[in-house]
There are 2 protein chains.
Amino acid sequence: MHTQHVYTFGAGEAAGDGTMKALLGGKGAALAQMTRLGMPVPPGFTITTTACTEFFRSGGTWPVGLDDEVEQGVAYLEKVTGKVFGGMDHPLLVSVRSGAAVSMPGMMDTVLNLGLNDQTVQALARKTDNPRFAWDSFRRFITMFGDVVLGIHYSRFARVMDQARGDRDEREMTAEELRQVCVQLEEVVKDAWGPFPQDPREQLRLSIDAVFKSSNTARARYYRKTHNLPDDMGTAVNVQAMVFGNMGANSATGVCFSRSPKDGTRFFYGEWLPNAQGEDVVAGTHTPLPMTPDAPGAAEALAKTGGKALSDAMPAAYAELVALKDQLEQYYKEMQDMEFTVEDGTLYILQTRTGKRTAAAAVQIAVDMVEEGLIDIDTALKRIDPVALEMVLRPVLDPDAPRKVIAKGLDASPGAASGKVIFHSEEAQELAERGEAVVLVRMETSPEDIQGMTVSQGILTSRGGQTSHAAVVARGMGKPCVVGCAEIAVDYARQLFYAGDTVIKRGDWITIDGATGEVMEGKVPTLAPPTDSGAMATLLGWADERARLKVRANADNGPDAARARSLGAVGIGLCRTEHMFFQPEALRAMREMILAEDDRTRARALAQVLPLQRAEFEQIFRAMDGLPVTIRLLDPPLHEFLPNRAEDIAQVAKDIGVRTEALTERLRQLHEANPMMGHRGVRIGVTTPEIYKTQVRAIFEAACKLTREGVVVIPEVMIPLVAIPKELEINRQYVIEVAEQVLKETSVHVDYRVGTMIEIPRAALLAAEVAEHADFFSFGTNDLTQMTYGFSRDDMGLFLPAYIQRGVLTESPLAHFDTEGVGQLVAMATERGKSRKAKLKCGVCGEHGGDPAGVHFFHKVGLDYVSCSPFRVPVARLSAAHAAIDQGR
Amino acid sequence: MHTQHVYTFGAGEAAGDGTMKALLGGKGAALAQMTRLGMPVPPGFTITTTACTEFFRSGGTWPVGLDDEVEQGVAYLEKVTGKVFGGMDHPLLVSVRSGAAVSMPGMMDTVLNLGLNDQTVQALARKTDNPRFAWDSFRRFITMFGDVVLGIHYSRFARVMDQARGDRDEREMTAEELRQVCVQLEEVVKDAWGPFPQDPREQLRLSIDAVFKSSNTARARYYRKTHNLPDDMGTAVNVQAMVFGNMGANSATGVCFSRSPKDGTRFFYGEWLPNAQGEDVVAGTHTPLPMTPDAPGAAEALAKTGGKALSDAMPAAYAELVALKDQLEQYYKEMQDMEFTVEDGTLYILQTRTGKRTAAAAVQIAVDMVEEGLIDIDTALKRIDPVALEMVLRPVLDPDAPRKVIAKGLDASPGAASGKVIFHSEEAQELAERGEAVVLVRMETSPEDIQGMTVSQGILTSRGGQTSHAAVVARGMGKPCVVGCAEIAVDYARQLFYAGDTVIKRGDWITIDGATGEVMEGKVPTLAPPTDSGAMATLLGWADERARLKVRANADNGPDAARARSLGAVGIGLCRTEHMFFQPEALRAMREMILAEDDRTRARALAQVLPLQRAEFEQIFRAMDGLPVTIRLLDPPLHEFLPNRAEDIAQVAKDIGVRTEALTERLRQLHEANPMMGHRGVRIGVTTPEIYKTQVRAIFEAACKLTREGVVVIPEVMIPLVAIPKELEINRQYVIEVAEQVLKETSVHVDYRVGTMIEIPRAALLAAEVAEHADFFSFGTNDLTQMTYGFSRDDMGLFLPAYIQRGVLTESPLAHFDTEGVGQLVAMATERGKSRKAKLKCGVCGEHGGDPAGVHFFHKVGLDYVSCSPFRVPVARLSAAHAAIDQGR
C-alpha cells in the first residue's frame with residue numbers, strides 16, 4: 001500500500017476538505033471544501049504536496065503509483081463530465097494550476113484548456129458549433145503552455161497574435177484568423193523546443209512536472225528562507241475540468257470580493273468581462289465591467305465600454321454569486337476573494353481565498369464580523385497586523401496623481417509631505433511663522449535642528465540610516481521623513497541640491513513619501529489622513545481591555561502630548577527636555593552657564609532658563625491632566641550646546657561676551673573621543689547639580705501652579721544614564737530636596753515619583769541595588785542596545801550592510817528589539833528590581849516600545865508599560881493585546 | 001556587674017595578652033604580652049576600645065565604673081612602683097598613648113611625663129637629685145600636653161624654647177634656664193586655654209578624653225571609611241609608668257628593627273640617643289647613633305657626633321636587647337620594630353610592633369623565616385603584598401642623589417628614567433638608533449607613537465589619565481611613564497616645554513620617576529634594578545605550586561615575550577598585532593590597502609605586509625618555545641592608520657600616489673562619531689576579510705617554519721570584539737581555511753586553537769552560543785568595563801574626579817576590576833561557556849589580569865589563567881597563590 005497522492009472533488013463530493021491546506025495546498029483545500037458545500041465547482045483532482053516533495057527527494061521522478069492515480073483522476077473526470085481526454089467526439093479539457101500551502105513568488109502560473117491539439121480543437125469546434133471559441137481556446141493554450149511549461153518567452157507568442165490582430169479588439173477576429181494564428185504559434189514552439197506535444201497525457205505530465213519544479217526555483221527557496229517557511233513544503237497541483245467564459249455573449253469570467261478590500265464596507269465588489277477567459281480580467285487589456293451599477297467607478301466603466309453591470313447583464317448568475325459569497329464568508333469567517341466563470345449562462349466558482357485588503361479595511365471588516373457574530377474579539381484583534389495600523393493614521397499621496405520621482409532614500413517615517421525646500425532650521429522657522437509649508441533638507445540633522453524639524457512638513461537628509469537623528473526624531477514627531485538619500489547631493493553654500501540631472505533650489509517645492517522613501521519634484525496632492533474611525537476606536541478599545549501592558553507615548557511638548565493622548569496613550573513615558581535648552585533664549589543662557597567661571601554667573605544663567613522650561617512643562621501637564629508624565633532630566637553632553645564651526649564660534653563668543661579663545665579652550669576641554677560614552681546624563685547631574693536642580697524646580701513650579709488650577713498632575717522625574725547606584729542615590733536626593741522646597745513654598749500637594757533609565761548594562765546587572773533608590777525603571781533600549789552590542793548608531797552604517805549581506809544580522813537591532821541579548825538584561829533587571837521593591841514600576845521608552853516583537857517580549861518579562869512615539873501608540877496598544885492573547889493560548 | 005574597662009600589666013603579670021588586639025589595641029596587647037613573656041616593660045594599664053565606643057555612644061561621658069577603674073589602675077601603678085601620683089615625695093609620672101586595633105592618621109600622639117606640676121617637678125628634682133632632668137621633663141610635658149591635649153599650636157611652645165636655647169644644643173641648657181622656660185610655657189597655656197592644670201588626675205582625665213576624641217576626627221573617620229574599617233572600632237588608651245632616657249649619660253632611648261627593613265637581611269638595625277627622651281630620635285634634631293659599629297652608615301654617624309655605638313656604650317643593655325628581639329620574633333613570627341629606653345643603666349622595652357619594610361626586604365624575610373622554621377609557606381606567601389613586588393623589579397632613583405623637581409604628574413608606570421627630551425616618535429627612533437637615551441614628551445600618544453615609545457627610556461605626557469594610551473602602553477612595556485602632567489605646557493612648534501619658570505628644550509636631559517609622577521631637570525642617577533633575587537625566585541616558585549590560576553603575559557614582540565618568560569609567564573595571553581601595521585613599510589602598504597579601489601590593489605598591498613608580520617611572529621614563537629601564544633587579530637578601526645592633520649594628509653597622499661581629495665574623502669567616510677563603538681575588530685573581519693586572512697597566513701607560515709626547526713609552537717588565534725555568535729563563526733572559518741592551507745602547503749603539523757575576546761556585554765550574555773565557535777575565551781576586561789559602565793576611558797577624565805570626590809567611585813574601574821558589575825558578566829560567561837563546552841579555556845587579558853583583587857575574583861569564578869603586562873607577572877603569580885590560599889581557608 002502506498003500513500004494517496006491524488007484527491008478528487010466534484011458533483012458534491014470531495015476526498016479532501018478545507019482543513020487539509022498542508023497536504024492539498026490552499027487552492028486544493030478550498031476547491032474540496034466548496035464542493036462539499038454543494039457549490040458549483042467544476043470537478044477535478046489535486047495532486048498532493050507530498051507527491052511534490054517525494055518528486056524532489058527522488059531526484060525528479062514521480063513517486064510510485066502517482067502515474068496510476070493521475071490516470072484514475074482523469075478517468076474520474078471523464079466519468080463525471082461525460083467527456084473523453086483527447087477524445088475526438090467530446091474532448092475533455094482541463095486547467096492545471098499550482099497551489100502551495102502558502103503562495104510564493106516564482107510559482108508556475110495557470111495553464112488553461114489543456115487537452116487541445118490539432119484534432120481535439122476541431123472536435124471542440126464541432127461539438128460546440130463554435131469554431132471561433134475552439135480556436136481562441138487553442139491559441140490561448142499553446143501560448144500558456146509554451147510560456148509556463150516549455151519556458152519559451154511570452155513575447156514570441158505575443159508577437160504572432162499582435163500581428164494578426166492589428167489594431168482590432170481580439171474579439172473581432174474570426175475563427176479562420178485564429179486558426180492561422182494557432183498554426184504559427186505551433187511553429188514558434190517547434191522552433192524553440194520541438195514539435196508541439198499533441199498527446200494530452202504528455203501535455204498533462206509536462207505541466208505537472210513544471211508545477212513541481214516551479215516550487216524549487218532559487219527565488220522560491222529564497223522566499224521560504226526569508227519567511228521562515230520549511231524548505232520541503234512543496235506545492236500541490238490542481239487539475240480541473242475546464243469551464244469556458246469565452247463561449248459567447250452568454251459566457252463571462254470575473255473576480256470579486258465579499259467586502260470592499262479598500263475600506264472594508266459590506267459592499268460586494270468585483271469586475272467581470274463577457275466572453276472572456278482567465279487572465280483577461282486582470283491583464284488590463286480590456287476595461288472590466290462592474291458587478292453592480294452603484295459600484296465605485298461603475299458609471300465611467302459602463303460609459304466607456306457601453307457594457308452592463310453583471311447584476312443587469314446576468315441577474316440570475318449575479319444572485320447566485322451573492323448567495324455563494326455569503327455562504328463562503330459564513331464558512332471561512334473571512335472576507336473572500338473569488339474567481340468565477342459563467343459558461344453559457346451557468347455559474348461556476350473556480351477559486352476562493354482570503355482577500356487582501358488595506359489596513360483600514362482590515363480594521364472595518366474585523367470589527368463588523370465581530371458585530372455580525374462571525375468571529376470573536378480575540379480573533380478580530382489577531383487579524384490586524386499592528387504595524388499596518390500606523391499607516392492608517394498618516395497622510396498618503398493620492399495614488400492617481402502624476403508624480404516625478406527624482407530620488408529614493410530610506411523610508412524613515414511614513415506619511416507624505418510637500419513643501420518648499422529649506423536648508424537651515426532658522427529659515428524654516430521664519431517661513432513657518434509666515435504660514436508656509438516647508439520641507440527641511442539637510443545632509444544630516446542635529447539637536448540644533450529640532451525646532452526647524454518641528455515646524456517643517458517633512459524632513460529629507462542625504463545621510464544617516466533608520467536610526468539616525470533625523471529618523472528617530474521624525475518618527476517621534478510623527479513627521480514624514482526620508483533619510484540616507486545618497487542620490488541627492490546637498491550644497492549648503494549654493495542653497496540647492498542635485499538629484500541626477502535635476503537641480504532643486506531653495507524655495508522650490510518637493511514632495512517626499514516617508515513610506516516609500518521617494519522624493520518627488522513639485523507638489524503631489526495628498527489624501528487627508530483617514531481619521532480615527534469608529535471601527536478603529538472600537539478595535540483599540542477591545543485591545544485595551546485585553547492588554548495587560550499599558551501604552552504611553554514619548555512626547556516632548558504640549559501639542560505632541562495632546563496628540564499622544566488622542567491616540568490612546570495613558571501617560572507620557574518619555575518627555576525629553578533637551579529641546580527646551582535649544583530655544584534661542586534658553587540656548588544663549590545655557591551657553592553662558594557652560595562658560596561661566598563662577599557660581600553666581602552660572603546661577604544667573606540658569607535662572608533665565610527656568611521660566612522657559614516651566615512654561616513648557618505647564619503645557620505638557622495640562623494636556624495630560626490626570627495621567628503620569630515621565631520627564632527625563634538633561635541627557636546630552638554639554639558640548640552639544642556649543643557651536644563647532646569656526647565661524648559660529650566667533651559669533652557665539654561675541655553674543656555671550658566672552659573671548660573667542662576662551663570659548664575655543666572650553667570647547668577643547670569639553671571635546672570627547674566617544675561622546676556617547678562621555679560626560680552626559682547623570683554624570684552631569686553629579687558634576688554640575690545646578691542644571692538638574694533648575695529643571696526640577698521648573699517641573700514642580702509648573703506642577704504646583706496647575707494643581708492649584710485643578711489640573712491633576714503626576715510628574716515622574718527620570719534620571720538618565722545611571723551605571724552606579726550611588727549616582728542615582730545622590731541625584732534622587734537633589735530632586736527630592738528641590739521638589740519638597742517648591743511644594744513647601746507653594747503649599748500645594750503633588751504626588752510625584754523619582755526613577756531612572758536603565759540604559760547602561762551595569763545598571764541592569766545591579767538592578768536590585770539601583771531599585772533601592774528608584775520608584776520606577778524605564779528601559780532606554782536604544783542606548784542599552786548600543787552599549788550591549790558595542791555599536792554606535794552613528795557609525796554602524798559602515799558595517800551594517802555587510803552584516804546583513806553576510807547573514808550576521810537580519811536587521812538592525814536598533815530597529816527591532818534583540819530579545820536574545822539585550823532582552824536578557826531587560827528580563828534580569830525587571831526581575832531583580834521587582835524582587836527588591838515589589839511596587840517598582842517598569843517600562844520601556846525608546847523606539848522598541850512600538851515594535852510589535854518587542855512589545856511581546858516586554859509583556860512576557862512582566863513590564864508594566866511601553867512608551868513609544870505618538871503615531872505608534874495604536875501599534876503598541878494592539879501589540880499588547882496580541883501578546884496577552886498569545887500568552888493566554 | 002559591668003564590663004571590665006581597664007587591664008593592668010606589670011611585674012610579669014598582665015590581665016590581657018597578645019591576642020586581644022581588638023579590645024586593647026595593638027599597643028596594649030603587645031605590652032600585655034611582653035609583660036607575660038617576662039620582659040622589662042614598665043607597668044601600666046590599658047583602657048579598652050569598648051570604653052571609647054561607649055564614650056561616644058553616651059555623647060561624651062565616661063562609661064559607668066571607668067572612673068573607679070582608672071583610679072584602681074593608678075593605685076596599682078603606685079603599688080608596683082612604690083611612687084605616688086601627685087606625690088610630693090616620690091611622684092609617679094606616666095605616659096598616655098593612643099592605641100587602636102589598626103593605627104589611623106589623626107590619632108593623638110604620646111603625652112610623656114604626665115603627673116608633673118609646679119610641685120611634683122621639684123619633688124622629682126629632689127628625689128633624682130637631678131634638677132636639670134626634672135625641668136627638662138616638665139618643659140617637655142607642658143609642651144606635649146598643651147599641644148596634643150589642649151590643642152594649642154605647637155609653634156607657640158617651640159618659640160619659647162627656641163629663644164631660650166639660642167644656637168646651642170638644648171642639652172647644654174641649665175636647670176635654671178629650663179625652669180624659666182617652664183614658667184613661660186605655663187604662660188602660653190594660660191593665654192590660650194586657662195591656668196595650667198596642676199592636678200595630675202585632671203591631667204590624666206583630660207588626656208584620656210583627648211585620646212578618645214582623636215579617634216573620631218573627620219580625618220580618622222574618612223580613613224576608616226576608605227579602608228573598610230568599622231566606624232565604631234574606637235581606640236584603647238595606654239597609661240604607663242614613665243621610665244626616663246633623659247636621666248643622664250647612663251640613660252638612653254632608641255628604636256630598632258629585628259632585621260633590616262631595607263633588604264631583609266638578619267642584621268639587627270636601629271638608632272639610639274644617649275640622655276634623650278621619646279621623640280628625640282625620630283625628630284631629626286639630633287644625629288642618632290648606630291646600634292653596632294658595623295651597621296650601614298655607622299662610621300659617618302660616629303665620626304660626626306663623636307659618639308659610640310650602643311654595643312660599645314652600653315654592652316649589657318645591648319646584649320639584653322638582642323635577646324629580647326629574638327624572643328619577640330619567636331613569639332610574633334614577624335620582624336619587629338621596637339622602642340626601648342635605658343634608665344640609668346636599666347633597659348626597658350616600651351613598645352613592639354610588626355616592622356614596616358621595603359618590598360625586597362619583605363620577600364627576603366618571608367623566605368628566611370620559612371627556612372628558619374618560624375612560619376609555613378602559605379604564611380610567607382600571604383605576608384607579601386603582590387602589588388609591592390612590581391616595585392622590586394623596576395629601577396629606582398638613588399635616594400641620596402640631589403634632584404630638582406620641576407613638575408608633578410600622575411604615576412602611570414613605575415620606574416625611573418633619564419634621557420634627552422624628544423617630542424616626535426620618528427626623531428626618538430633616530431636618536432635611539434644612534435644609541436642615545438631619550439624621554440619621549442608628548443601632549444598625548446597615539447598608536448603611531450608605539451615605535452617611538454618602544455625605543456624611549458620613558459614617556460611623559462601633559463594630558464591623559466591612568467588609563468590613557470600612554471599609560472596603558474607604557475605599563476605594558478614596563479616602561480617608566482608620567483602622564484597627565486598638567487604643570488607642563490608642550491609647544492611642538494618650538495620644540496620645547498615649559499614647567500613653571502623652567503624651559504626644557506629638545507635635547508635637554510630630564511629624569512622622570514613613574515612611581516611618584518615627578519619630573520626632574522637633568523640626569524638624576526638611578527640604582528640598578530634589584531634582580532630576580534634568590535629569595536624572590538624561591539617565593540614565586542612556592543606561589544606557582546600553590547596557585548591554580550596560570551599566569552601569562554601580554555607581549556607584542558620577541559623581546560617582550562622573552563622578558564615575560566623570564567618573569568615566569570607560562571604563555572602569551574595577548575599579543576596585539578596593531579603595531580605590526582605601524583612599522584613604516586607596513587604602514588604604507590596598509591594605507592594603500594585602505595585606499596585601494598579594487599581587490600587586486602588591496603591584495604598587492606597586503607602581500608607587502610605579510611613577510612613583515614611573519615618575521616615578528618617568528619621572534620615571538622621562538623621566545624615562547626613550548627608555550628602557547630594568543631595572537632589577537634587586528635583590533636583598531638582603519639582610520640587609525642591614516643593621518644589626520646592637514647599637512648600629513650597631503651604628504652601621505654603624495655607618498656602612496658593618490659589625490660589629496662581622494663584621501664580626504666576616504667577619511668571622511670571612515671570618520672566615526674564614537675570610534676570605540678565603531679567599525680573595528682571582528683567587524684573589519686566581516687567587511688574586509690583579506691586583512692585577517694593575511695595575518696593568519698603570516699602566523700602559520702611563521703609557525704610552520706619554526707616547527708621545522710624544532711621549536712614547539714602553539715598558536716592561539718583570537719578574534720576581538722565579537723557581539724554576535726555568527727561573527728565568530730564566519731571568521732573562525734576564515735582562520736581554519738587559511739591555517740589548513742598553509743599547513744598543507746608546508747606539510748607541517750601545528751596544533752592551534754581559535755578563540756575570541758569576550759569584551760562586549762552581549763558576547764558575555766550569549767556565551768553559550770559563542771562557545772560553540774571558540775576553543776577559548778579571553779575576557780578583555782578593559783573594553784568590557786567601558787561598555788558595561790558606558791564610560792569611555794578617553795573621556796572619563798571629565799567626570800572621574802567629581803565621582804571620586806563625591807564618593808560615587810573610590811577609584812577608576814579601569815584600574816581596579818569591578819567585581820560587582822563587570823564581574824557578573826565574567827562569571828556568567830565563564831559558567832555558560834564551560835557548560836556548553838567543558839574544554840573551553842577561559843582567561844583574562846587586559847590590565848585587570850595583574851590587579852590582585854581582580855585575580856582573586858578570576859580565581860573564584862573558575863578562570864584558567866590571567867594575562868598581564870610582563871612586569872606584573874610576579875604580582876599576578878603571587879595573587880593567584882593568595883587566591884588559592886584564601887579559598888582553601
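This report describes side-chain contacts, first those of aromatic rings and then those between charged groups, in a predicted model.

**Aromatic rings**

Over all chains, the count comes to 47 aromatic pairs. One of these joins B:Phe777 and B:Phe779, whose ring centres lie 6.4 Å apart with their planes at 85°, so the pair is edge-to-face. Both B:Phe777 and B:Phe779 are buried. In chain A, ring pairs also build a cluster, which links A:Trp135, A:Phe138, A:Phe141, A:Phe145 and A:Phe196.

Rings also take part in contacts with charged side chains. The charged end of A:Lys693 sits over the ring of A:Tyr734, at 4.5 Å from the ring centre, and in chain B the charged end of B:Arg552 sits over the ring of B:Tyr865, at 4.1 Å from the ring centre.

**Salt bridges**

Side chains of opposite charge can pair when their charged atoms come close. The count over all chains comes to 103 salt bridges, and three of them are listed here with the distance from N to O.

| Basic residue | Acidic residue | N to O distance |
|---|---|---|
| A:Arg383 | A:Glu334 | 3.0 Å |
| B:Arg201 | B:Glu71 | 2.8 Å |
| B:Arg353 | B:Asp337 | 3.4 Å |

The side chains of A:Arg383 and A:Glu334 meet in a salt bridge. A:Arg383 belongs to helix α15 (residues 377-383) of chain A, whereas A:Glu334 lies in the loop between α13 (315-332) and β12 (336-343) of chain A, so the pair ties together parts that are 49 residues apart in sequence. With a relative accessibility of 27%, A:Arg383 counts as partly exposed, while A:Glu334, at 9%, counts as buried.

In chain B, a salt bridge forms between B:Arg201 and B:Glu71. This pair links distant parts of the chain, with B:Arg201 in helix α8 (residues 200-214) and B:Glu71 in helix α3 (residues 66-81), 130 residues apart. B:Arg201 counts as partly exposed at 33% relative accessibility, and B:Glu71 counts as partly exposed at 35%.

The salt bridge of B:Arg353 with B:Asp337 links strand β13 (residues 346-354) of chain B, which holds B:Arg353, to strand β12 (residues 336-343) of chain B, which holds B:Asp337, the two residues being 16 residues apart. Here B:Arg353 is partly exposed, with a relative accessible area of 43%, whereas B:Asp337 is buried, with a relative accessible area of 10%.

Beyond such individual pairs, salt bridges that share partners join A:Asp136, A:Arg139, A:Arg140, A:Asp162, A:Arg165 and A:Glu170 into one network.

Technical notes:
Residues numbered from 1 in each chain as written. Chains lettered and ligands numbered in written order. Predicted model: local features only at pLDDT ≥ 70, side-chain atom pairs only at ≥ 80, totals over all residues. Heavy atoms only, no water. Phe/Tyr/Trp six-rings, centres within 6.5 Å; stacked < 30°, edge-to-face > 60°. Buried < 20%, exposed > 50% of the residue type's maximum accessible area, 1.4 Å probe, protein only. Lys NZ or Arg CZ within 6 Å of the ring centre and 35° of its normal. Salt bridge = Lys/Arg side-chain N within 4 Å of Asp/Glu carboxyl O. Helix = DSSP H or I, 4+ residues; strand = E, 2+ residues; numbered from the N terminus.
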